[in-house]
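Good morning, colleagues. I should like to take you through a few features of the structure now coming up on the screen.

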Amino acid sequence: MREHDLITLEWPKIRERLAAYTAFPWSAEKARALRPSADPAEVLARLAETEEARRLLAREPGFDLGGVRDLRLHLEAARRGATLVPADLLALRGTLQAARRARRILLRRSGEWPHLARHAARMQEFPELEEEIARCLDEAGEVKDEASPALRALRAEIRRLTHEIQGRLQAYLTDPRYVPYLQEPLITLRGDRFVIPVKAEHRGKIPGLVHDVSASGATLFIEPLPVVERGNQLRAAQAQEEKEVARILAALSAAVGARAEEIRSTLEAVADLDLALAKARYAIDLRAERPEIVQWPDEPPEQRTQSPLWLRQARHPLLDPQRVVPIDIPPDPSTFMLILTGPNTGGKTVALKTVGLLAIMAQSGLHVPAAEGSRLPVFDGIYADIGDEQSIEQNLSTFSAHLTNILGFLDKATARSLVLLDELGAGTDPMEGAALARALLERLHERRATTLVATHFPELKLWAQTTPGAVNASVEFDPETLAPTYRVRIGLPGRSNAFLIARRLGMPEALIARAQQYASPEALRLEALLSEAERLREEAARAREEAEQARTTACALEAEWRERLARIEAERERLLREAREQIEALLREAQEEVGRVRRQVRRIHQAEVEAARQRLEALRARARGPLTPPLAAPEARAGPAFATGDRVWVRPLQAEGEILHVEGEEADVQVGRWRLRMPLADLERRERPAATLAPVPSPPSPPSGVALDLDLRGMRVEDALPVLEKFLDDAFLAGMPFVRIIHGKGTGALRRAVRERLKGHPHVEAFESTSDDGATIARLAR
């Protein structure tokens, strides 16, 4: 498309506004160079990309490319062997980090944002380079001591020498012999040398090198001789440090230069992504919508009778959105040319520019400030002749300049072109200008070009009224305020309103009547017909508005009931989901309880089997032993029958125990860690004799000194669980009735892990939390 037409339609201003939404200069350059495309596939891809960017910003409000810098010049310098300064290296790292974050977000949802993901796929990651820059430079741009062993050693030496020099100078400041000669007790720097201020009249009292003199000459800044050698050593170390820092920066720059082309390609992909985000942000602020791109009809151009252009509530994007009046360009099955008439300053030129600018925006991938449902074809050319084309340099009048511009594109316009003509034929004799304007329109009509024309010629109104494919339109005029309303009316030509305006301004009726006598009867009849047509149009518009309001109300009611049904359905789903969750929770608890009971039964069964095995082993041992009577147990003390708590001698086991419960002729006896049901006949309430047989094998003795509390605070879950397991084993073997596990509150992760492990644990009968929920008390199985 011609740059002249883009400038005429104020496209550079749109590009400048778009550039203001970009994050860094390269994407701003791309915004200022943006041009419309005539390829339908590319236009659709551009619009889809902007739509995806709007969805991305809605889904990820914090998504941006902050920290990105335009480093093209720095990359080229590094590629040529130059050394980059720390600030540029840090900017490069920030840029690469921002690109990496954006790349991962977009590729993770490439199915949702395929066009944006294509930009992300062009980006590369440079983790080694980012890490090396971070290892060598701090956030302030200083080279770290860890950048190299040599630099670490040099800086340690510099600190040592500095400390030694300052210590020696401090001695001068506090020595009573030198204090009277000092201007003030401080250590300062002059020319990278540590000095002390000495009064000029006492110059010889402190031997040393004078590095500076105050402006008044009263103070000499002297480096005492005893520290000169250390100062020289310090300067040498600092010079070596500077060389090492330069070497490190050169190495980093060389690493950047080695991958400069890859980094540049990544940066360009970031610029393209940023341009898409800028389009989205501009569209959001402009309250723009994505237009529907429609295909041109397949019939031959000479058979075409309409243009697929349809704009609803279209606004000029450069005008104040609070004041601009939207216009409608509705589709007409038999129209592709629009002849717009009406008073000056009525909005005709703005209407033409609005149509042209919105077409350019759509074909550049921008959403347009129009209502949803607006449709635009992809024009192969957009040609405009608007405004004052007078050229002093080329000695062209306004008429000549306009005509030269039109002739420049007249033969280029096709059936798929958009032509915008303002004040066609103006600037010359009205009769000849109207004739030329009609001839030009007929040529464009033959080419079936979508054409919008603003004119004052009544001959063109008549031509539009009688020519298939053309239609009249006008801008509204308020007869009460004598001001234009800027609304476009399709189907009616503009009226002159001269007599109406004269009457409103107070012109005598006699003069108005005399003027009407001079007007042609045809013009008066046309004016009357236009008045009647306007009245009918207004009635039809009111009827349409009432119907639209009724439809809107019905749609609102339908939407309200749909929303209510959706809420009811959502509530039903929520209740069902909660019921299912409660049932599942109850089932889990029941299964856990069954498992716990089974484990307890197995534990009791194993204990009884073990006790029986030990009894059998004891009997076998006695049977295999010598036929000598067993050592007699101590004589029983006289006393009452067996009772809970009595210490008894269990004859079959040859072991001592304690009665836990008496029931009939049997009793539950605790022998070691085992609880056994024994007949009373096998028990003797006596003390264990001093001399005993060989002990019956028994389980290992429980650990001693087991604490009541276990403090797990500060431990990770994976470290705490093994400690908890051993603590429960020890406490169980020690026969403790309960223990307390302290896990703290914190995030609750450790508390949940502890209680999950206690559920169903073979040693734990039940557990409960403390009042502050910072610990859990576990009752152990007996």
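Let us begin with one serine: Ser253 lies in helix H10, which spans residues 225-258. Please bear in mind that this is a predicted model. Is Ser253 buried or exposed? Its relative accessibility is 1%, and because buried means under 20%, Ser253 counts as buried. Setting aside residues up to four places away in sequence, Ser253 touches Ala78, Ala82, Thr83 and Leu84.

I turn now to the nonpolar cores. The largest of them has 49 residues. Within this core, the residues with the most contacts are Trp11, Ile14, Leu18, Leu311, Met361 and Leu418. Which helix gives the most to this core? That is helix H12, residues 348-363, with 9 residues. Ile14 may serve as an example: beyond its neighbours within four places in sequence, Ile14 contacts Tyr282, Pro317, Leu318, Leu357, Met361 and Leu366. Apart from the largest core lies another, of 48 residues, and Phe126, Ile248, Val256 and Leu277 are among them.

Finally, a sheet. Here 4 strands form an open sheet with mixed pairing, in the order S20-S21-S23-S22. At the edges are strand S20, residues 709-711, and strand S22, residues 764-769, each of which pairs on one side only. From one strand to the next, the twist averages 20 degrees. How many bridges join S22 to strand S23? There are 5, and the two strands run antiparallel, with S23 covering residues 775-780. In this region, Ser769 stands opposite Thr776 of S23. As a general reminder, strands of a sheet pair through backbone hydrogen bonds, either parallel or antiparallel.

Thank you for your attention.

Definitions and conventions
Residues are numbered from 1 along each chain as its sequence is written. This is a predicted model: local features need pLDDT of at least 70, side-chain atom pairs count only at pLDDT 80 or more; totals for chains, interfaces and linings use all residues. Side-chain values use heavy atoms; hydrogens and water are left out. Buried means under 20% relative accessible area, exposed over 50%, partly exposed in between (1.4 Å probe, protein chains only). Contact means heavy atoms within 4.5 Å. A nonpolar core is a set of buried Ala, Val, Leu, Ile, Met, Phe, Trp, Tyr and Cys residues joined through side-chain atoms within 4.5 Å. Two strands pair if DSSP finds at least two bridges between them. Axes are lines fitted to C-alpha atoms, for helices over the stretch in contact, and angles run from 0 to 180 degrees between N-to-C directions.
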